Amino acid sequence: MFPTALSRLILKGFVATLAFVSIDVLAQTSESCNSSDAVFYNGVIYTADDKNWQAEVVAVENGRIVFVGKEADAAPWYCGAEKRIDLKGSTLFPGFTDSHQHLEGIGKRTRTLSLFGIATLKQTVAEIKSFAQNVPDGEWVLGRGWIEREWQDEQRFLTAADLDPFTRNKPLFMPRADGVSAVVNSKALALAGVTKNTPDPEGGKFERYDDGTPTGYVLATAMDFFRNILPPESDQYIQDNLKRGMQVNVSQGWTATHDAGMKWREVQQLKQLANNDEMLHRVYIAIPISESEKLFQTGTETLAEGLFYLNGIKVFIDGTLGSRGAALLAPYSDADHSGFMNRTTKDELMPVLEQALKQGFQVMTHVIGDRALYSTLNWYEEAWEALPKAKWKSDDLRWRLEHAQIIPPNQQDRLADMNIVASMQPSHAIGDLNFAPSRLGYSRLEYAYPWKPLVDKGVVLVGGSDAPVEVGDPRIEFYAAITRSRLNGTQDKGWHPELSLSREDALRMFTLWPAYASFQEDSLGSIEVGKYADFSVFDTNFMTAEPSDILKANVVMTVVNGKVVFQNLTNN
């Protein structure tokens with residue numbers, strides 16, 4: 001689908017010994033042999049290259065792919081290989097990319113209270129109480145991940161009243177799973193100076209009782225009242241979270257991520273890891289619009305043979321559907337409003353778009369509701385028309401919309417006409433569709449999470465997880481993309497399975513298309529000679545297996561630049 005340059009660049013790399021595969025180290029050499037560091041064989045190999053969709057053997061040297069082909073043509077590569085890696089029937093894919101996640105948050109999730117997967121409100125409150133008992137008075141009770149839509153007793157937002165009885169002397173701040181809303185307790189409200197007389201901030205909201213008293217559930221920019229008074233984190237703490245996040249990612253099979261809104265301080269810590277050769281996978285970075293001036297001053301930056309790539313600006317427009325913060329053209333079906341916008345105002349946005357055009361930065365904008373999407377496309381077009389093309393650094397913009405969950409057909413056509421990249425998260429759909437009929441009504445669900453229509457119209461569609469909002473597992477994301485079903489295989493009215501993707505397009509959604517979306521299709525995204533040797537290997541063939549079996553697949557190994565960065569030793 002995209003042009004591919006078969007450059008033969010030399011990078012440092014190696015392939016480590018694995019438990020799932022058999023590796024022979026060879027000493028024989030011959031003038032007729034072709035030198036390589038490793039040959040992968042005896043597995044199922046999908047290339048994501050339409051000219052050569054499957055292969056039987058792949059050879060790697062100096063971090064690059066030097067041969068892709070049939071067993072019958074591989075003899076010179078076998079005899080010249082330093083290692084022969086027998087895949088023993090495993091399935092090798094081009095490296096999977098999570099096209100929207102938050103690396104530091106994934107690492108932090110490993111060391112704070114995680115409320116993911118709890119079945120009831122009662123159990124959630126009990127978990128918070130148990131955790132809070134070990135927090136000294138005066139210190140913050142921190143965690144993340146509660147999600148009321150999955151509770152089986154009460155499906156309502158947490159409030160301070162739920163938490164005050166056991167946190168009266170401890171401020172509490174716990175974002176909902178979406179990260180765009182949170183619950184705080186009365187102690188935190190008092191420390192932040194938030195009362196019934198505090199107005200809602202631009203682009204945010206304090207949920208209130210009838211008398212105006214805040215309930216403790218806060219949305220979007222209202223969360224900043226509390227973030228701004230949290231105790232500071234050390235550089236070492238942030239750097240450790242980044243390392244933890246990378247360890248989690250490669251254990252799931254990701255070889256690359258697109259970080260949608262990495263704070264400048266986190267960028268500097270990741271940069272240090274890159275300079276110290278401690279990157280486990282590729283990270284393509286967009287910083288928040290609030291820090292865009294720093295990017296304009298430094299410019300695009302790549303380090304560690306492309307493992308660190310800073311090139312984007314993340315913009316935030318509306319909230320989320322679950323919190324009724326997504327900005328809709330028509331009111332919610334279960335509320336008397338249509339959500340909110342202006343997490344970033346137009347006045348704040350337009351100068352940044354102009355400078356992004358002048359310096360060639362990619363813009364990645366959070367939009368979920370159709371009103372937010374419609375307005376953002378208008379602002380993109382306005383910026384393009386206001387600045388003469390002679391002043392653009394490049395007309396190959398590849399600007400993105402992140403999430404883009406509700407897209408009427410006429411706006412789908414605009415995405416195609418404007419060459420906008422749609423960055424969407426399949427797991428969001430199979431979670432949100434449990435409550436989306438209540439929020440939107442059935443008619444709007446006909447164009448909610450419209451993956452197949454976008455692909456059919458020629459829109460570049462990239463898949464991600466939005467972890468730590470979701471688990472961050474490629475198996476779940478692939479399964480959701482091809483089934484639009486709950487993890488137990490069920491669906492309900494309004495889930496529209498006809499909008500799901502073919503397995504081939506789902507593979508492209510996590511490999512070739514993310515490479516294009518990050519300006520790296522010449523070196524990533526498919527298994528072709530000259531590209532980086534980034535592979536995700538599973539013991540299950542996602543292209544033929546029963547969907548439920550994809551969820552049970554084991555990661556065999558994760559390879560980046562020809563280097564094994566994760567190997568599964570538990571299920572040989």
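Two strands are said to pair if DSSP finds at least two bridges between them, and strands (E, at least two residues), like helices (H or I, at least four), are DSSP runs numbered from the N terminus. The model is a predicted one, in which local features need pLDDT of at least 70 and side-chain atom pairs count only at pLDDT 80 or more, while totals for chains, interfaces and linings use all residues. Residues are numbered from 1 along each chain as its sequence is written, and side-chain values use heavy atoms, with hydrogens and water left out.

Strand β22 (residues 535-538) offers a starting point. Strand β6 (residues 91-94) pairs with β22 in the antiparallel sense over four bridges, and within this pairing Phe 93 has Ser 536 as its bridge partner. Four bridges also join β22 to strand β23 (residues 555-560), again running antiparallel, with Val 559 in β23 as the bridge partner of Phe 535. In a regular strand the side chains alternate between the two faces of the sheet. In β22, Phe 535 and Val 537 point one way, Ser 536 and Phe 538 point the other way, and all are buried, where buried means under 20% relative accessible area, exposed over 50% and partly exposed in between (1.4 Å probe, protein chains only).

Elsewhere, an open sheet of six strands follows the order β8-β9-β10-β11-β13-β12 with mixed pairing; its edge strands, β8 (113-114) and β12 (204-208), each pair on one side only. Inside that order, strand β11 (residues 181-184) and strand β13 (residues 214-220) run antiparallel and are joined by three bridges, and Ser 181 stands opposite Leu 219 in β13.

Turning to the helices, Lys 346, Leu 349, Met 350, Leu 353 and Leu 357 in α10 meet Trp 379, Tyr 380, Glu 382, Ala 383 and Trp 384 in α11, contact meaning heavy atoms within 4.5 Å. The loop between α10 and β18 (362-367) holds Phe 361, which counts as buried because its relative accessibility is 2%. Once neighbours within four places in sequence are left aside, Phe 361 is in contact with Leu 295, Phe 296, Gly 299, Thr 300, Asn 311, Ile 313, Ala 356 and Trp 399. By comparison with these contacts, the C-alpha atoms of Phe 361 and Leu 230, 131 residues apart along the chain, are separated by 32 Å.
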